[in-house]
Amino acid sequence: MSDHKRRQNETNPDHTEKNGKSLDQKDFGKYFDFSNAVFEENDEGKNVMKIGGRSIVVNEPPNYRQGQRRRRKEVDFHYDFSVPEQMKQIGQGKRYYIRTYGCQMNVHDTENMAGILEELGFTSTDETADADVILLNTCAIRENAENKVFGEIGHLKNLKLEKPEVVLGICGCMSQEETVVNKILQKHQHVDLIFGTHNIHRLPELLHDAILGKEMVVEVWSKEGDVVENMPRKRAGKTQAWVNIMYGCDKFCTYCIVPYTRGKERSRKPEDIIHEVRDLARQGYKEITLLGQNVNAYGKDLEDPSSLGKLMDMIRQVDIPRVRFTTSHPRDFDDELIEVLAKGDNLLEHIHLPVQHGNNEILKLMGRKYTREQYIDLANRIKKAMPHATFTTDLIVGFPNETDEQFEDMLTLVEEMRYDSAFTYIYSPREGTPAARMEDNVPMSVKKERLQRLNELVNRLSAESNAAMQGQTVEVLIEGESKKNPDVLSGRTRTNKRVNVRTSKDKIGQLIYAKITNVKTWSLDGELVEYSEVQNA
């Protein structure tokens, strides 16, 4: 057995040899099911699949069944990330471009990848035409997101023809899906590199193979259980920062692909999180957002069990002005967390609490495991403890079997909750999820009509909530220039409302006070108020 193959089998016990033939090799052929594919081993002992004139090194393909498993194996914490000697300064004089799709977790992953690339000597560019390495960090949550990515992959084919030396990589949640990788291998052979969400720390080695080799490189880990702590990071901003506190999700809502693409729930150690938050405070960051696919399940898997409430009570004592968290699940939002949030200080009064639907039968089909009544009871307990809290949510229309009456239940829930805003979606099946096996029996015309009605209600409630802000003086963290007018600065209140203020550029990154002078559906206009005026307000 070659040294490479021995190392591979040692690092992944599922990959053993049988009758002199690698199970990896056997599984690759079965999975990709390409009748004209030829498998062989190259000079480095790596599995190579030849198809359509392109050689493909398959270190590890995505495995849907492995993604479903939830092993009891303890989480492995790694603090030993380093750039391999052969990769140091490989990017000297070269540029990289990363396009990010999807959620805040993807944004955070992009920050890590950018940090790694800059340690390799690359510098960033905003233009694909100027890039030597292009990475598309993808989202799998909606079909429309996947369509955009495949459109971009197709668009970049001309660039690859003009500059064949450019390395084009696909990463993120789409890469964790078997069908997506299959489609790329069959139809987009100008792609050089495919890797997933669990092996971002392997980017230097993968990039080395893609740059110096002639084959496409595929490595998508389906195994879980690792937390890599010391990856370099290039943060997207200097005022607000994302702090990942856990990874993965164990809820398995029937419509959601995330548990398969992001893996099982695994929490970072509290001391590592606090160290990062304190470092951000020293650097002058004014706001952090604690991230997790199911952020309030934090700590349950640790050797010394903790909770989001305990963690936020510790963070509350760090000298950083604002702390948010997202995304929470109603089932894990407990009284301890409510009690801690009610202490206020730097813990903000904005609660994003996805409900998805307002009808119990649909909630059951979705696998949400709470009822409408339980959700409203939770919201009322939060409101009682935090009278000034604002709520936002996620809502899905057109789920299989949704009737007109069940949709009306969603509208009445939204009216009762009076959300400040909501992310609203038309249901789209994700292959591999239980809901995808249900008959998608709500016509698209009905889905669109329901979405329009829902959005009209959400817009009205948002406008009414903003109207109540007229004349109030509020704290605003100025984030930067307004997208519509560079002479106007834009920021958010503690309750996450957008405020536009005409003031000097030196206020960017600062906490100011603004008196609301004009209200709109989705934003507020304000004028700067001096602190002495606030004292008397």
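Asp345 is partly exposed, with 49% relative accessible area; on this scale buried means under 20%, exposed over 50% and partly exposed in between, worked out with a 1.4 Å probe on protein chains only. The model here is a predicted one, so local features need pLDDT of at least 70 and side-chain atom pairs count only at pLDDT 80 or more, while totals for chains, interfaces and linings use all residues. Residues are numbered from 1 along each chain as its sequence is written, and side-chain values use heavy atoms, with hydrogens and water left out.

Back to Asp345, which sits in the loop between H12 and strand E19 (350–352). Helices (H or I, at least four residues) and strands (E, at least two) are DSSP runs numbered from the N terminus. The phi of Asp345 is positive, near 60 degrees, in a residue other than glycine. Asn401 tells a similar kind of story: its phi is near 75 degrees, again a positive value in a non-glycine residue. Asn401 belongs to the loop between strand E20 (390–397) and H15, and with a relative accessible area of 40% it is partly exposed. As background, most residues other than glycine have a negative phi, and most peptide bonds are trans. A cis peptide bond, with omega about 0 degrees, links Thr326 to Thr327. Thr327 is found in the loop between E18 and helix H12 (335–341).

Strand E18 brings in the open sheet, three strands in the order E14-E17-E18 with parallel pairing; two strands pair if DSSP finds at least two bridges between them. At the edges are strand E14 (240–244) and strand E18 (322–326), each pairing on one side only. From one strand to the next the twist averages 25 degrees. Strand E17 (residues 287–291) runs parallel to E18 and is joined to it by five bridges, and Glu287 has Arg322 in E18 as its bridge partner.

Two helices lie across this sheet. Helix H4 (residues 104–119) crosses E14, E17 and E18, at about 95 degrees to E14. Axes here are lines fitted to C-alpha atoms, for helices over the stretch in contact, and angles run from 0 to 180 degrees between N-to-C directions. Helix H10 (residues 270–282) lies across E14 and E17, and runs at about 170 degrees to E14. Contact means heavy atoms within 4.5 Å.

Next comes helix H5 (residues 143–155), whose 13 residues reach 18 Å from first C-alpha to last, close to the 18 Å expected at 1.5 Å a residue; the expected span is 1.5 Å times one less than the number of residues. Buried in H5 are Ala145, Glu146, Val149, Phe150, Glu152 and Ile153. Seen down the axis of H5, these buried residues fall within an arc of 160 degrees, so they line one face of the helix; the arc is that of the directions from the helix axis to the C-beta atoms. Lys148 and His155, on the other side of H5, are exposed. The packing partners of the buried residues are strand E7 (95–100), strand E9 (133–138), helix H6 (157–162), strand E10 (167–172) and helix H7 (178–187).

Two packed helices are described by the angle between their axes and the distance between the axes. For helix H15 (residues 404–417) and helix H16 (residues 444–467), the angle is about 10 degrees and the axes are 10 Å apart. That makes H15 roughly parallel to H16, a label for angles under 35 degrees, with over 145 counted as roughly antiparallel, 65 to 115 as roughly perpendicular and the rest as oblique. Among the residues that meet here are Phe407, Met410, Leu411 and Val414 of H15, and Leu454, Leu457, Val458 and Leu461 of H16.

Further along the chain there is a closed barrel of five strands, running E22-E23-E24-E26-E25 with mixed pairing. Neighbouring strands of this sheet are turned by 55 degrees against each other on average, direction ignored. Strands E22 (residues 473–481) and E23 (residues 489–492) run antiparallel and share four bridges. Gly480 is partnered by Ser490 in E23, and Glu481 by Leu489. Four bridges also connect E23 to strand E24 (residues 498–501), again antiparallel, and here Leu489 stands opposite Val501. The hairpin of E23 and E24 has five residues between its strands, and one of its residues, Asn496, takes a positive phi near 75 degrees. Asn485 is placed in the loop between E22 and E23 and, at 25% relative accessibility, counts as partly exposed. Asn485 and Arg502 are 17 residues apart in sequence, with their C-alpha atoms 10.0 Å apart in space.
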